[in-house]
Amino acid sequence: MRKIIIALSLATAFGGTALASEKCNVAMADWKPRETLQAKLEGEGWKVRSIKTEDGCYEAYAINAKGEKVEAYFNPQTLDTVDMKVED
């Protein structure tokens, strides 16, 4: 029983990271430039603080159009949102 609990705990702890990696499994040759993502977000009313690469995705720290601080992950090929966390 203890082994099952440990296995489930580990799966839960590392499951989110694996999910983001799978969604951003894109060859570097197919990545759009970081500036393209920044222009897209600014066009949607975001104030971009920084964009970096994390787990094969673009990770943006910004203030969205609603005025919320966000940490968002984007597919580097499509620039679609993969995951987003709104900070309090």
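Mentor: Contact here means heavy atoms within 4.5 Å. Keep in mind that this is a predicted model.

Trainee: Which residues is Glu71 in contact with, beyond its neighbours within four places in sequence?

Mentor: Glu59, Ala60, Tyr61, Asp83, Met84, Lys85 and Glu87. Glu71 itself lies in strand 3, residues 69–74.

Trainee: Lys85 is among those contacts. Why is Glu71 said to have no salt bridge?

Mentor: A salt bridge needs a Lys or Arg side-chain nitrogen within 4 Å of a carboxyl oxygen of Asp or Glu. The nearest side chain of opposite charge, Lys85, is 4.3 Å from Glu71. That misses the cut-off, so no salt bridge is counted for the buried Glu71.

Trainee: What joins the side chains of Glu71 and Tyr73?

Mentor: A polar contact of 2.9 Å. The limit is 3.5 Å between N or O atoms, so the distance qualifies.

Trainee: On to the rings. How many aromatic pairs does a search of the whole structure find?

Mentor: The search finds 2. One of them is formed by Trp31 and Tyr58, 5.1 Å centre to centre, with 75 degrees between the planes.

Trainee: Why is the pair of Trp31 and Tyr58 called edge-to-face?

Mentor: Centres must lie within 6.5 Å, and planes over 60 degrees apart count as edge-to-face. At 5.1 Å and 75 degrees, Trp31 and Tyr58 meet both conditions, so the name applies.

Trainee: What makes this a link between distant parts of the chain?

Mentor: Trp31 sits in the loop between helix 1 (2–23) and helix 2 (34–43), while Tyr58 is in strand 2 (residues 57–63). They are 27 residues apart.

Trainee: How do you know whether Trp31 is buried or exposed?

Mentor: Buried means under 20% relative accessible area. Trp31 has 15% relative accessibility, so Trp31 counts as buried. Tyr58 has a relative accessible area of 5%, so Tyr58 is buried too.

Trainee: What makes the pair of Trp46 and Phe74 edge-to-face?

Mentor: The ring centres of Trp46 and Phe74 are 6.2 Å apart, and their planes stand at 65 degrees. The distance is within 6.5 Å and the angle is over 60 degrees, so this pair is edge-to-face.

Trainee: Why does the pair of Trp46 and Phe74 tie together parts that are apart in sequence?

Mentor: Because Trp46 lies in the loop between helix 2 and strand 1 (47–54), and Phe74 in strand 3. Those parts are 28 residues apart in sequence. Both Trp46 and Phe74 are buried.

Trainee: What share of the protein's residues count as buried?

Mentor: 27% of the 88 residues.

Key:
Residues numbered from 1 in each chain as written. Predicted model: local features only at pLDDT ≥ 70, side-chain atom pairs only at ≥ 80, totals over all residues. Heavy atoms only, no water. Buried < 20%, exposed > 50% of the residue type's maximum accessible area, 1.4 Å probe, protein only. Helix = DSSP H or I, 4+ residues; strand = E, 2+ residues; numbered from the N terminus. Lys, Arg positive; Asp, Glu negative; His and termini not counted. Polar contact = N/O pair within 3.5 Å; in protein donor to acceptor, adjacent residues only side chain to side chain. Phe/Tyr/Trp six-rings, centres within 6.5 Å; stacked < 30°, edge-to-face > 60°.
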